[in-house]
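Reader: I am new to this structure and would like a close look at a single part of it, the open sheet with parallel pairing, together with what surrounds it. Please go slowly and connect each detail to the next.

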Amino acid sequence: MTRKKRFICDAMCSQLGRWLRIAGYDTIIIDTPIADKDIFQRAVQEDRLLLTRDQYFQKLDPSKKTVIYLKEDALDSQAQQLKEEIHLNWLYQPFSRCLECNHLLKKIKMPPDVPDRVKEKTDQFWACTHCHHTFWRATHTEKMEEKLKGWQKNQFIIGFGGDLMIGRMVNEYLLQGRIHAVNLANNHILDFSEEGLIETIQTLDHAGISHVGAGIDLKSARAPIIIEKKDLKWVF
Ligand SMILES: [Zn+2]
């Protein structure tokens, strides 16, 4: 497939969508309830490949020009499928797009509100041309870049990726052990970078397990867990 690679991901593939943005691809992530046929229509109109885990979309696309049905849930398996099926270059233009809104980033001087610990480590900063979110090179971007380089060299962690690990841990231990709340504040929580943390939080939220001690921003990281039973109230 030689056409320009632009994507639209349905909500089930949002994690892959964020990684496509990290690699620099123009990627719409559907995060509001929209009818499947409208998502498909948008993909056709904007000449985007539609990435989905929903087999129904294949019925909308008899010519097979628009829909890519992802066979697996695991992120690394999906990354491998795109590499093999459409020869996706995972090192296309890393960190050129806003992870939040998909618009292009531009290089900027150091913003005034940068914490001192960041100033000591980097002098490279970018801002989104649309939402003005600022980004800088840091340990987590290096880890992301390593992952992209690995994918480009066909190194995929199949069956034991961070995404599977947390999912399996939740199913096998937390839910069966009737654990209702967990503390995420520990020195390994960023072992799989910020993406891994977000994935962990999403998995816990999905399983209905409360969490404390880490979050996608300072406010949610500091938010307490309050559990009330009869006359008792626990706050963590
Ligand atoms: Zn943005």
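Author: In this predicted model, the part you ask about is an open sheet of four strands, arranged in the order 2-1-3-4 and paired in parallel. Strand 2, which covers residues 27–29, and strand 4 are the edge strands, and because each of them has a single partner strand, one side of each is left without a neighbour in the sheet. Going from one strand to the next, the twist averages 20°. As a general point, the strands of a sheet pair through backbone hydrogen bonds, in either a parallel or an antiparallel way.

Within this sheet, strand 1 and strand 3 run parallel and are joined by three bridges. Here C9 stands opposite L51, which belongs to strand 3. These two residues appear again when one turns to the largest nonpolar core, which has 31 residues and in which C9, L50 and L51 touch the most other members. The elements that give two or more residues to this core are strand 1 (7–9), helix 1 (14–22), helix 2 (36–45), strand 3 (49–52), strand 4 (67–69), helix 4 (75–86) and helix 6 (139–152). Helix 1 gives the most, with four residues. The core also draws at least three residues from each of two domains, domain 1 (7–86) and domain 2 (105–152). In soluble globular proteins, nonpolar side chains tend to be buried together.

The surroundings of L51 can be followed residue by residue: once its neighbours within four places in sequence are left aside, L51 is in contact with F7, C9, C13, L16, I68 and L70. One of these contacts, L16, is among the buried residues of helix 1, together with G17, R18, W19, L20, R21 and I22. Since seven of the nine residues of helix 1 are buried, this helix is largely enclosed by the rest of the structure. The cover over its buried residues includes strand 1, strand 2 and strand 3, and also helix 4 and helix 6. Helix 1 is followed by G24, a residue with a positive phi near 105°.

Two loops that adjoin elements already named also deserve attention. The loop between helix 3 (56–60) and strand 4 holds K64, and the phi of K64 is near 55°, a positive value in a residue other than glycine. K64 counts as exposed because it has 9 C-beta neighbours inside 10 Å, where 12 or fewer is the cut-off for that class. Beyond helix 4, in the loop that leads from this helix to strand 5, lies H87. The phi of H87 is likewise positive and near 55°, again in a residue other than glycine, and H87 is exposed, with 10 other C-beta atoms within 10 Å.

Strand 5 brings us to another sheet, which may help as a point of reference for the one you asked about. Three strands form this open sheet in the order 5-6-7, and their pairing is antiparallel. Strand 5 (105–108) and strand 7 (134–136) stand at its edges, and because each has a single partner strand, one side of each is left without a neighbour in the sheet. With direction ignored, neighbouring strands of this sheet are turned by 35° against each other on average. Strand 6, residues 125–128, runs antiparallel to strand 7 and is joined to it by three bridges, and F125 has W136 in strand 7 as its bridge partner.

To place all of this in the whole, the protein chain contains nine helices and eleven strands, and 24% of its 236 residues count as buried. Among contacts in the chain with a separation of 6 or more, 54% are between residues 24 or more positions apart. The chain also includes a hairpin of strand 10 and strand 11, with two residues between the strands and a positive phi of about 50° at K230 in the turn. Strand 10 (residues 226–229) and strand 11 (residues 232–235) pair in the antiparallel sense over four bridges, and in that pairing E228 has K233 in strand 11 as its bridge partner.

Notes:
Residues numbered from 1 in each chain as written. Predicted model: local features only at pLDDT ≥ 70, side-chain atom pairs only at ≥ 80, totals over all residues. Buried ≥ 20, exposed ≤ 12 C-beta atoms within 10 Å, placed from the backbone. Contact = placed C-beta atoms within 7 Å. Core = buried A, V, L, I, M, F, W, Y, C linked by C-beta atoms within 7 Å. Domains from an automatic or database assignment. Pairing = 2+ DSSP bridges. Axes fitted to C-alpha atoms, helices over the stretch in contact; angles between N-to-C directions.
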